[in-house]
Amino acid sequence: AIVCSQLFLKFVLFPAEGVEIFFLRAKAPAGITLEENAERIRGIESIVAKLPPLELESFVTTIGLQQQEPNDPNTKRGAEYAQVVVYLTPENNRDRTAEEIIESLRAEVGTPDGYEEVRFDRVNPGPPVGKPISLGVQGSTYEEILPAVTELKKRVAAIKGLRDLSDSYTPGKPEIHILPQGALTASTGLSVAAIGTTVRAAIDGIVATSIQRLDDEVDIRVLFSEKDKTPSQVVSQIKIPNASGSLVPLSAVAKVEEKIGISIFEHTNNQREVKVLADIDTDITSSSAANELIRTDILPEFQKAFPRVKVVFGGEDEDTQESMKSLVAAFAVAFLAIFLILIFLFGDLLQPFLVVLTIPMGIIGVIFALILTRPPLSFMAMLGVIALAGVIVNNAIVLIDFVNQERAKGMDKMQSIIEAARRRLRPIVLTTMTTVMGLLPTAHGIGGLDKFVVPIAISLGYGLLFGSMLTAFVFPAAIATLDDFEGW
């Protein structure tokens, strides 16, 4: 099924269907005010407001914050950030999917003047998965990581079908770094602790005294004025008393630098990390195909150029690997349980092998059904295959049990097979059709549609339909072949 999915179907763990919420996130140059950002975002708001009433339920704009939920670890704060949360009507009530709406907005919004980037993020209704492309670049320092992130983004951007390429590195506010010079500090009788205490008193203030007002005690804090807190003023004005009582200028013993800080420090396995993130256009490629291309074509050369960093796959690729392992384990347990029950039921080792051969017949039906109906091979579709394994063997059990009963009465081997195929065909057809008729309305949205469960209904319904047809034709011949093998 996996091989077939690479040739004829797209493998998407959890397809982005039924999406009713998405974020439009914009970033302006640093230094902008909240008022200026609020004015600039109005152009984007006007485009969103033009969506038809059948599609748009409401939207909410936030200035100075980008956040999906209160506990979002990737929250970004600053006057340069803005986001518009768009709430759509239920998918059953509109003609366009959320993906089509996003693409139309992407083309119309573009990157407006005054903004450095505008990207779209969907909120999938299914189980939580990360971005389709999520590459964690790990290293000891940001001096090693950031150049590697820049180069990796350039190489990944060349893959067709990728969009909204970004990284998780979030610059912070301007900071003043005071670096004491060891030899000069010691020669003047100062310590690093004395420098730090004096600088903190100048910037943050120090309580000099307090005033008693009725029952309250009010502290009097002494500190520099706001206009005196610039790096040049700090260096020129702060003087630090040494052990002998002399005042030593800060500029004589320390180097002062102004830098942009880091808002969020990400760590994984005791290593600093910056993630390279991207979304995909499912009409062009899939998450599994894009990640495999990165793994085989991009990373080998990239690691040679940046040997001191490590790239770790996460997001949807990590979830896909974990889900596939759990599905394989679940299928193996189900297969083994079915086989053991059949051994106890028939008291034979060969007949159970014959019965479990009907499972691949059902899987063939699933593959053809997915090719014809065109949904991607998803987690729910594969879950339907596991459920199908426990259902489709029933027809084979009915046939082979009837054959065993007739042979126990003394009937000829070939005649027992013919009699079983003739007399058990009607029960097989009836039980199959009643089950399939109960599943197909869910698969095709008759009376209501929930796209999240459609793949499992398609897998179970059509797999049982095609598998039962194959069983009715193939299984009697398989029993005869087994008789020949036992006779030989």
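## A tour in selections

Select Thr209 and look at its contacts: beyond residues up to four places away in sequence, Thr209 touches Val218, Asp219 and Ile220. The model on screen is predicted. Now show the secondary structure. Thr209 lies in strand S8, which runs over residues 206-213. Buried or exposed, or something in between, at 43% relative accessibility? Thr209 counts as partly exposed, because 43% falls between the 20% limit for buried and the 50% limit for exposed. Next, add Pro180 and draw a line between the two C-alpha atoms. Pro180 and Thr209 are 29 residues apart along the chain, and their C-alpha atoms are separated by 30 Å.

**Next stop: Thr198.** Select helix H7, residues 192-203, and find Thr198 in it. Thr198 is buried, with a relative accessible area of 18%. Which residues does Thr198 touch, leaving out those up to four places away in sequence? They are Ile238, Lys239, Ile240 and Pro241.

**Then Phe120.** Go to strand S4, residues 117-122, which holds Phe120. This residue is buried, at a relative accessible area of 3%. Show what surrounds the side chain and backbone of Phe120. Neighbours within four places in sequence aside, the contacts of Phe120 include Phe22, Phe23, Leu24, Ile102 and Leu105. Charged names appear in the list too: Arg106, Lys131, Asp164 and Asp279 are also in contact with Phe120. For a sense of scale, add Met433. Its C-alpha atom is separated from that of Phe120 by 45 Å, with the two positions 313 residues apart along the chain.

**Rings and charges.** Stay with Phe23, one of the contacts of Phe120. Arg25 lies over the face of Phe23, 4.2 Å from the ring centre. Now jump to Phe313. The charged end of Arg295 sits over this ring, at 4.1 Å from its centre. Colour the aromatic residues next. How many aromatic pairs does the structure hold? There are eight. Pick out Tyr142, Tyr169 and Phe265, which form one aromatic cluster.

**On to helix H15.** Select residues 413-423. Start just before the helix, at Asp412, which caps the N-terminal end of H15. A side-chain oxygen of Asp412 lies 3.1 Å from the backbone nitrogen of Met414. Now highlight the buried residues of H15: Ser416, Ile417, Glu419 and Ala420. They cover an arc of only 165 degrees around the axis, so they are on the same side of H15. What do these buried residues pack against? Show helix H14 (379-408), helix H16 (425-444) and helix H17 (454-487) to see their partners.

**Last stop: the cores.** Select Leu354, Val355, Ile458 and Phe475. Of the 50 residues in the largest nonpolar core, these four touch the most other members. Several helices give two or more residues to this core: H11 (315-346), H12 (350-356), H13 (358-373), H14, H15, H16 and H17. Which element gives the most? H14 does, with 15 residues. Zoom in on Leu354. Setting aside its neighbours within four places in sequence, Leu354 is in contact with Ile400, Phe475, Ala478, Ile479 and Leu482. Finish with a second, separate core of 24 residues. Among its members are Ala28, Ile47, Ala98 and Tyr115.

Conventions:
Residues numbered from 1 in each chain as written. Predicted model: local features only at pLDDT ≥ 70, side-chain atom pairs only at ≥ 80, totals over all residues. Heavy atoms only, no water. Phe/Tyr/Trp six-rings, centres within 6.5 Å; stacked < 30°, edge-to-face > 60°. Lys NZ or Arg CZ within 6 Å of the ring centre and 35° of its normal. Helix = DSSP H or I, 4+ residues; strand = E, 2+ residues; numbered from the N terminus. Buried < 20%, exposed > 50% of the residue type's maximum accessible area, 1.4 Å probe, protein only. Contact = heavy atoms within 4.5 Å. Arc of directions from axis to C-beta. Polar contact = N/O pair within 3.5 Å; in protein donor to acceptor, adjacent residues only side chain to side chain. Core = buried A, V, L, I, M, F, W, Y, C linked by side-chain atoms within 4.5 Å.
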